Amino acid sequence: MKMRLLTYVFSFFSLLSCGQKKNDEKFITWENFVDGFGKEMVSAEDVFKNMSKSGLTDFSYTTLDFTFLSNKKENLINLKEYLETHYPYKVKDIQKTGKLWELNGETYEIPLTSDILLYWALDMYKKGYEFDSRLDGYGGLFDPKNPKYPDFKESEAEDFFNKGIDAYNKGDLSGSFINLTLSIKLNPNDQYSYYSRAITRNELYTWKSALKDYDKAIEIDTNFMMALINRGGLKDENNDYEGAIQDYLRVIQADSAEIEFKRQAYYNLGNTKHNMKDENGACENWKKALELGDKSAQKLIDKYCK
């Protein structure tokens, strides 16, 4: 097993399950963010199509320029600082444009595909929201007559994998997605890259695509316990309780599963039973998790198992 595998377990949330308080005075409200999410996906697809018509080919290096807008300069100051700290981007000084403030920047050369552009755009869209700013536009700079590509012949899948993990740990979700995608291109049978990319996809609110990556990881390695647990959590969050139960039971019933995985599976199975209004089933599984050493289960037992 790769020693630097991501361990993102059960902090899944959907696009409609969290957000700002209604009374918050924001430039970009949670409602704005949700309403514009689908439009952002369509926009990324349109941008890639137009670039392809101009000669862009898959995985050719492309520099993306981008613009954020906000009604408060402080928002963009904070965003600029974050981008400069966590992303290998060039960010320019903030300028006033009409009644708003504007921040422009430029990425490093990205080996672009439709999927990579989509997740880069979603990452920037989400990052803008987090700093109460709006991703206002972006475009690609490339030379269709002299395209450059990653040297896949001289590259190692694990190098891209490690870069993907490093980017994720820095908060650069799109960088993580890009490198994990390159890792998969070089080694399409690496379950750990699919698993890790599923985490990145889900953090960018595309749970159905995340589910497909978990499916692929488990198809490659049927005893991939962490992938089963995470897939169960993802199914639970999206109301597929029976599917979640099946994944947890696979872990619980597996002779090869370590105690820590069984403990997590029992705990999550209790959560799913609770979501199904089966309090007896929930309490039974939380107690099993506690017996295996999950002390956090005690709080749920105290609250729901009278």
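## Loop residues with positive phi

At 57% relative accessibility, N239 counts as exposed. N239 sits in the loop that joins α8 to α9, and its phi is near 70 degrees, a positive value in a residue other than glycine. As with everything below, this describes a predicted model.

D132 also has a positive phi, of about 50 degrees, although D132 is not a glycine. D132 belongs to the loop between α3 and β5. With a relative accessibility of 10%, D132 counts as buried, whereas N239 counts as exposed.

## Helices α8 and α9

The loop holding N239 runs between α8 and α9, and these two helices pack against each other. The axes of α8 (residues 225-237) and α9 come within 7 Å and cross at roughly 160 degrees. Angles over 145 degrees count as roughly antiparallel, so α8 is roughly antiparallel to α9. The crossing is left-handed.

On the α8 side the contact is made by M225, L228, I229, R231, G232, G233, K235 and D236, and on the α9 side by Y241, G243, A244, D247, Y248, R250 and V251. Sorted by class, the residues of this contact are seven nonpolar, three polar and five charged.

One of the α9 residues in this contact is D247. D247 is buried, its relative accessible area being 2%. When neighbours within four places in sequence are set aside, D247 is in contact with L228, R231, G232 and K235, and each of these residues appears on the α8 side of the helix contact.

## Helices α9 and α10

Helix α9 (residues 241-252) also packs against helix α10 (residues 259-275), the axes coming within 9 Å and crossing at roughly 155 degrees. The two helices are therefore roughly antiparallel to each other. This crossing, too, is left-handed.

From α9 the contact takes Y241, A244, I245, Y248, L249, V251 and I252; from α10 it takes F261, K262, A265, Y266, N268, L269, T272, K273 and N275. These residues divide into 11 nonpolar, three polar and two charged. Y241, A244, Y248 and V251 of α9 take part in the contact with α10 and also in the contact with α8.

## Helices α4 and α6

Helix α4 (residues 157-170) and helix α6 (residues 191-203) have their axes 11 Å apart and pack at an angle of about 30 degrees. Angles under 35 degrees count as roughly parallel, so α4 is roughly parallel to α6. The crossing of α4 and α6 is left-handed.

F161, I165 and Y168 of α4 meet Y192, S193, S196, I199, T200 and E203 of α6. By class, the contact has five nonpolar, three polar and one charged residues.

## Aromatic pairs

The whole structure contains 22 aromatic pairs. In one of them, Y82 and Y87 are 6.3 Å apart from centre to centre, with 55 degrees between the planes, and the pair is tilted. Y87 is buried at a relative accessible area of 3%. Y82 also pairs with F131: the ring centres are 5.4 Å apart and the planes stand at 50 degrees, so this pair is tilted as well. The pair of Y82 and F131 links distant parts of the chain, since Y82 is in helix α2 (residues 73-86) and F131 is in the loop between α3 (114-130) and β5 (134-141), 49 residues apart.

Ring pairs join F66, F68, Y82, Y87, Y89, Y108, W120, F131 and Y138 into a cluster. D132, the buried residue with positive phi, lies in the loop between α3 and β5, where F131 is also found.

## Strands β4 and β5

T107 is part of strand β4 (residues 100-112) and is buried, with a relative accessible area of 4%. Outside its neighbours within four places in sequence, T107 is in contact with T62, T63, L64, F66, Y89 and W120. Of these, F66, Y89 and W120 are members of the aromatic cluster.

G139 lies in strand β5 and, at 18% relative accessibility, counts as buried. Apart from neighbours within four places in sequence, G139 is in contact with T63, L64 and D65. T63 and L64 are among the contacts of T107 as well. The C-alpha atoms of G139 and E106 are separated by 9.7 Å, and the two residues are 33 residues apart along the chain.

How values were computed. Residues are numbered from 1 along each chain as its sequence is written. This is a predicted model: local features need pLDDT of at least 70, side-chain atom pairs count only at pLDDT 80 or more; totals for chains, interfaces and linings use all residues. Side-chain values use heavy atoms; hydrogens and water are left out. Axes are lines fitted to C-alpha atoms, for helices over the stretch in contact, and angles run from 0 to 180 degrees between N-to-C directions. Helices (H or I, at least four residues) and strands (E, at least two) are DSSP runs, numbered from the N terminus. Angles under 35 degrees count as roughly parallel, over 145 as roughly antiparallel, 65 to 115 as roughly perpendicular and the rest as oblique. A crossing is left-handed if the near helix is turned anticlockwise from the far one by less than a right angle, and right-handed if clockwise. Contact means heavy atoms within 4.5 Å. Ala, Val, Leu, Ile, Met, Phe, Trp, Tyr, Cys and Pro count as nonpolar, Asp, Glu, Lys and Arg as charged, and the others, Gly among them, as polar. Rings of Phe, Tyr and Trp (its six-membered ring) pair if their centres lie within 6.5 Å; planes under 30 degrees apart count as stacked, over 60 as edge-to-face and the rest as tilted. Buried means under 20% relative accessible area, exposed over 50%, partly exposed in between (1.4 Å probe, protein chains only).
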